[in-house]
Amino acid sequence: MTAGQAGQAGQVEQAEQAERAGRDDVLLIVGGDVVTMSPRREVVTGATVAVTGGRIAAIGPAVTLRKDFPGAAELDASGCVVIPGLINAHQHTTTDPLVRSMIPEDIDSQEAIFDWAVPLHGQVTGDDDELSATLTAVESLLRGVTTILEPGTVAHPLRVAAGLRAAGIRGRVGRWGWDVPGAPHALPAAETLALQEETVRALPPGGTVTGWVTLVGHDLASDELFTGAAELAERLDVGLTWHISPGEADVHAYARRAGRRPVLHFEQLGVLGPRLVLGHAVWLDDAELDALVETRTAVASCPGAYLRLGQGYTRAGRHAELVHRGGRVALGCDSHNAGDVPDLLRAAWLLTALERDRDVRPVLRADQAFALATIDGAAAVGLGDLVGSIEVGKAADLVILDTGDPVWAPRGDLATHLVWGAPSHTVRDVLVDGQVVVRDHQITTVDLEALSEEAEARSAALLRRTGIDVPHRWQALSAEEYLQGVRG
């Protein structure tokens, strides 16, 4: 590690210490209907949740907890629905937030990657990446997402970590790696793995933002890199992730490369297992599905991206089948030019709707989809002991939904309402590790107006450096120009 990187790591540790300070005060969240997502799936009505030291200390009647925690501060949740913080298992936070809704949807994936994504990633600065991460985290928190698993940032992972931490979200961050000769930003396997380890060690366990191992995957990593990454994650005791088979291209690439399908190739390499989260894994055959179930390998499903990019989920996707067979599945939103919005309840709705449209029995029910966004998703990515449910001893990652909004009138079956009722805009308050990061629909950790202004400026500067001219479908005219045109 260089002196500069050591300095960054020291700043990370100082930030984590500051983050943990001052959390011994007790907060009572009073009067809400608490969706626990515990093994028995209780909804505790009119409940009070006591939070201390960043953890859930007790759940019960207000009168009892006020006696147990005299003088505690209170947050009124009367009539509200309190849910566990949502888990986004596949959310890119760099570059795309600065060019949201700018990559045309009517070009193929290769053009989107090589004419847009690669040049843009080649021009981003550390300041850009930190801002992008903060922006993504703020959007996520305002929609009830309290944990982001970043599946790879190219150049500035510690700046990404700083951006996530500034917003107050829980995150897992890694430095993207690939080693195919001639590919942009590619490095030899040994060098790639060294950078992976450096990042993980700079973001140690204990804080809300920590490191994990990330490869781009697809057909851009050698067998040496795949096996090395799995061994590194085992040695450092962290999770790892890479992308595979969102569309059909990876299937054909591995047929040429190894004479077998991608997941079966990974099985032969010995890299499947409960530490691994495969981003997408849409195009699977029976044998690949069996391998995922048998090895307890997780899949992060990003239904919005598959629709936006036209990747054929309705023809090939088998994520609901994986759920029904007891496989490990979590939900993700991908990037701002794929899934477009870091909204986990929307992702749950999309996956449920896509599977319902198949009319295959059994259907993926709303309660199952909500579990993928909370406790089952947390378990899939190795965080089930920490987050994903509202239980004593777990981290106080909590979301309070304002049921005064018309979308809640009248309230139906709660599981159905949470998924099909599209209530993410009713997020009122959010806690992460006991810290209130959203209050009365407003982010408390950053200046949103200043953040938005900086995002506009950085977006324009990035596009200028890259030389990309964003196409616009509709002509923009000033009011004066419009009036002149009307008058002829």
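This is a short tour of four selections in a predicted model.

Residue numbers start at 1 in each chain, following the sequence as written. Because the model is predicted, local features need pLDDT of at least 70 and side-chain atom pairs count only at pLDDT 80 or more, while totals for chains, interfaces and linings use all residues; side-chain values use heavy atoms, without hydrogens or water.

**Stop 1: helix α10**

Select residues 286-295, which make up helix α10 (helices are DSSP runs of H or I with at least four residues, strands are runs of E with at least two, both numbered from the N terminus). Its buried residues are E288, L289, A291, L292 and V293 (buried is under 20% relative accessible area, exposed over 50%, partly exposed in between, with a 1.4 Å probe and protein chains only). To see what covers these residues, add α9 (262-269), β12 (276-280), β13 (298-301) and α13 (319-324), which are among the covering elements.

Now display D285, which caps the N-terminal end of α10 with a side-chain oxygen 3.2 Å from the backbone nitrogen of A287. Just after the helix, R296 has a positive phi of about 65°.

**Stop 2: C302 and C333**

Select C302 and C333. Why is C302 not bonded to the closest cysteine sulfur? The sulfur of C302 is 7.0 Å from that of C333, too far for a bond (a disulfide is a pair of cysteine sulfur atoms within 2.5 Å). C333 is likewise in no disulfide, its nearest cysteine sulfur being that of C302. The whole structure has 0 disulfides. C302 is buried at 1% relative accessibility, and C333 is buried at 5%.

**Stop 3: I443**

Move to I443 in strand β18 (residues 442-443). Is this residue buried or exposed? I443 is buried, with a relative accessible area of 11%. Leaving aside residues up to four places away in sequence, I443 touches V138, L141, L142, A167, V437, V438 and L448 (contact means heavy atoms within 4.5 Å). For a distance check, pick the C-alpha atoms of I443 and L354: they are 32 Å apart, with these positions 89 residues apart along the chain.

**Stop 4: a nonpolar surface patch**

Finish by selecting L477, Y482, L483 and V486, a nonpolar patch on the surface. Together they have about 400 Å² of accessible area (Shrake-Rupley method, 1.4 Å probe, only the protein chains shown counting as cover). Within this patch, V486 sits in helix α19 (residues 479-487). V486 counts as exposed because its relative accessibility is 55%.

Conventions
Patch = residues over 30% accessible without salt bridge, like charges linked within 9 Å, V, L, I, M, F, W, Y side chains within 5 Å. Salt bridge = Lys/Arg side-chain N within 4 Å of Asp/Glu carboxyl O. Polar contact = N/O pair within 3.5 Å; in protein donor to acceptor, adjacent residues only side chain to side chain.
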